[in-house]
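Open the model in your viewer and keep the sequence panel beside it. The tour goes selection by selection.

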Amino acid sequence: MSRPEREPAPAPEPPRTETPADPEQQSVTEFTPSGLPLRVPQANLAPALRDETPTQPDIEEDDDERSPEEIRAMMGSLQSGTRLGRSDAAKMLDEHTGGEK
């Protein structure tokens, strides 16, 4: 008994990659001095989601400027709190280990 010959299945077409129509959308990869790619904000967003004009963060002056005396007091409090925490931790460690050295 002879089998009917089958035609080989056509090879699947390779996936098509879309090329951007606008030259603005074509990316030119730039690199940092260490060799990493340079970040381009909103480069991978869909065109409908992109901002029309990239905005720079507004630099506003702080209304809460502190005087040097206030900053000195805050830093002193931080330093004394750190010392207190370290001494308490050392005491707890000594109690836990039985004071062995």
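Is Leu78 buried or exposed? Select Leu78: its relative accessibility is 53%, so it counts as exposed. The classes are buried under 20% relative accessible area, exposed over 50%, and partly exposed in between, with a 1.4 Å probe and protein chains only.

Some ground rules. This is a predicted model, in which local features need pLDDT of at least 70 and side-chain atom pairs count only at pLDDT 80 or more, while totals for chains, interfaces and linings use all residues. Residues are numbered from 1 along each chain as its sequence is written, and side-chain values use heavy atoms, with hydrogens and water left out.

**Stop 1: the helix**

Select residues 68-97. This is helix H1, and Leu78 sits in it. Helices are DSSP runs of H or I with at least four residues, strands are E runs of at least two, and numbering starts at the N terminus. The protein has 1 helix and 0 strands.

Put a distance between the end C-alpha atoms of H1: they are 43 Å apart, which agrees with the 44 Å that its 30 residues should span at 1.5 Å a residue. The expected span is 1.5 Å times one less than the number of residues.

Now step to Gly98. It follows H1 and has a positive phi, near 85°.

**Stop 2: the patch**

Add Ile71 and Met75 to Leu78. Together these three make a nonpolar surface patch of about 300 Å². Patch members have over 30% relative accessible area and no salt bridge; like charges are joined within 9 Å, and nonpolar side chains (Val, Leu, Ile, Met, Phe, Trp, Tyr) within 5 Å. A salt bridge puts a side-chain nitrogen of Lys or Arg within 4 Å of a carboxyl oxygen of Asp or Glu.

**Stop 3: before the helix**

Select Glu30, in the segment before H1. Glu30 has a relative accessible area of 48%, so it is partly exposed. Leaving out residues up to four places away in sequence, Glu30 touches Leu36, Pro37 and Leu38. Contact means heavy atoms within 4.5 Å. Measure on to Val40: the two C-alpha atoms are 9.5 Å apart, at 10 residues along the chain.

Move to Pro37, also in the segment before H1. Pro37 is exposed, at 54%. With the same sequence exclusion, Pro37 touches Thr29, Glu30 and Phe31.

**Last stop: the whole surface**

Select everything. Buried residues make up 0% of the 101 residues.

Terms used:
Accessible areas come from the Shrake-Rupley method with a 1.4 Å probe; for residues, only the protein chains shown count as cover.
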